[in-house]
Amino acid sequence: MRKSIKILILLLMIALLGSAAFGLFWVKNNYVLIDKTFYSRNLQVLDLRGENISIEQYQKFHKSLPECQILWNVPFQGTAYPHDSTELTVTELSVKDVRDLAYFEQLKVLNAQQCTDYTQLLSAADTYPQLQVRYQVTIGGTAYPQDAKIVQLETFSAEELS
């Protein structure tokens, strides 16, 4: 009788281990673990707009759920803007800011009339040819649109031309 109990216990343990292995296999194939939360691999839309998501966290979500549309607020210049923004206004522009503009996939216009970071403005225009970058160039106290064809200067200094 003892032998049959041992065999029964062994069979139960094998069944439990098999069930656990099957369960883990099923979870691994149907879910992904991101920041201690499980998400379905078949998720079509993930709304994270109410969350404080960093670019690094977004990249984790995007890498783990490449087929999923992720709705989120992009951290940009100390605040967060909807990822689907079509227009932004800036007064300064850094190298990081130009790089982070890539996360605004529907961005059409960058208003930068008060920005004097001309190198970064030109970089943004070159990096994102679909983006209309609006800025001005101030010479001698007068602001000229970036696409001005003629600029008439009465008096100016060498510093203003550099």
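This passage walks through the core, the ring pairs, the main pocket and a few notable residues of the structure. The model is a predicted one.

A good place to start is the inside. In soluble globular proteins, nonpolar side chains tend to be buried together. Here, the largest nonpolar core takes in 32 residues, and the ones with the most contacts inside it are Trp72, Leu93, Leu101 and Leu110. Strand 1 (31–34), helix 2 (55–64), strand 5 (73–76), strand 8 (109–112), helix 4 (118–127) and strand 9 (132–139) each give two or more residues to this core. Helix 2 gives the most, with 3 residues. For a feel of the surroundings of one core residue, take Leu93: once neighbours within four places in sequence are set aside, Leu93 touches Gln77, Val98, Leu110, Cys115, Asp117, Gln120, Leu121 and Ala124.

Next come the aromatic rings, which form 7 pairs in the structure. In one of them, Tyr58 and Tyr103 meet edge-to-face, with 5.8 Å from centre to centre and 85° between the planes. Tyr58 sits in helix 2 and Tyr103 in the loop between helix 3 (95–100) and strand 8, so this pair ties together parts that are 45 residues apart in sequence. Both Tyr58 and Tyr103 are buried. Another pair is made by Tyr118 and Tyr135; their ring centres are 6.3 Å apart and their planes are at 50°, so the pair counts as tilted. Since Tyr118 belongs to helix 4 and Tyr135 to strand 9, this pair ties together parts that are 17 residues apart in sequence. Tyr118 is partly exposed, at 27% relative accessible area, whereas Tyr135 counts as buried at 12%. Ring pairs also link Tyr58, Trp72 and Tyr103 into a cluster.

Those three cluster residues turn up again around the largest pocket, whose lining is made of Tyr58, His62, Cys68, Gln69, Ile70, Trp72, His83, Tyr103, Glu105 and Gln106. Helix 2 and strand 4 (69–71) are the elements that give two or more residues to this lining. The volume of the pocket comes to about 160 Å³.

Tyr135 also leads to Gln146, which is found in the loop between strand 10 (142–145) and helix 5 (158–161). With sequence neighbours within four places left out, Gln146 is in contact with Val133, Arg134, Tyr135 and Gln136. What does the side chain of Gln146 reach at 2.9 Å? It is the backbone oxygen of Val133. The side chain of Gln146 also reaches the backbone nitrogen of Tyr135, at 3.1 Å. Gln146 is partly exposed, with a relative accessible area of 33%. Asp47, by contrast, is a long way off: 99 residues from Gln146 in sequence and 38 Å in space, C-alpha to C-alpha.

Finally, a word on backbone angles. Most residues other than glycine have a negative phi, and most peptide bonds are trans. Lys36, which is not a glycine, has a positive phi of about 65°. Lys36 lies in the loop between strand 1 and strand 2 (37–40) and is exposed, with a relative accessible area of 82%. Gln77, one of the contacts of Leu93, is not a glycine either, and its phi is positive at about 55°. The place of Gln77 is in the loop between strand 5 and strand 6 (79–82), and at 33% relative accessibility Gln77 counts as partly exposed.

Technical notes. Residues are numbered from 1 along each chain as its sequence is written. This is a predicted model: local features need pLDDT of at least 70, side-chain atom pairs count only at pLDDT 80 or more; totals for chains, interfaces and linings use all residues. Side-chain values use heavy atoms; hydrogens and water are left out. A nonpolar core is a set of buried Ala, Val, Leu, Ile, Met, Phe, Trp, Tyr and Cys residues joined through side-chain atoms within 4.5 Å. Buried means under 20% relative accessible area, exposed over 50%, partly exposed in between (1.4 Å probe, protein chains only). Helices (H or I, at least four residues) and strands (E, at least two) are DSSP runs, numbered from the N terminus. Contact means heavy atoms within 4.5 Å. Rings of Phe, Tyr and Trp (its six-membered ring) pair if their centres lie within 6.5 Å; planes under 30 degrees apart count as stacked, over 60 as edge-to-face and the rest as tilted. A polar contact is a pair of N or O atoms within 3.5 Å; within protein, one must be able to donate a hydrogen and the other to accept it, and residues adjacent in sequence count only if both atoms are side-chain atoms. On a 1 Å grid over the protein atoms alone, a cavity is a set of points where a 1.4 Å probe fits but cannot get out, and a pocket is an open set with protein on both sides within 12 Å along at least five of seven lines; lining residues have an atom within 4 Å of a point. Grid points are joined across faces, edges and corners, and a volume is the space filled by probe spheres set on the points.
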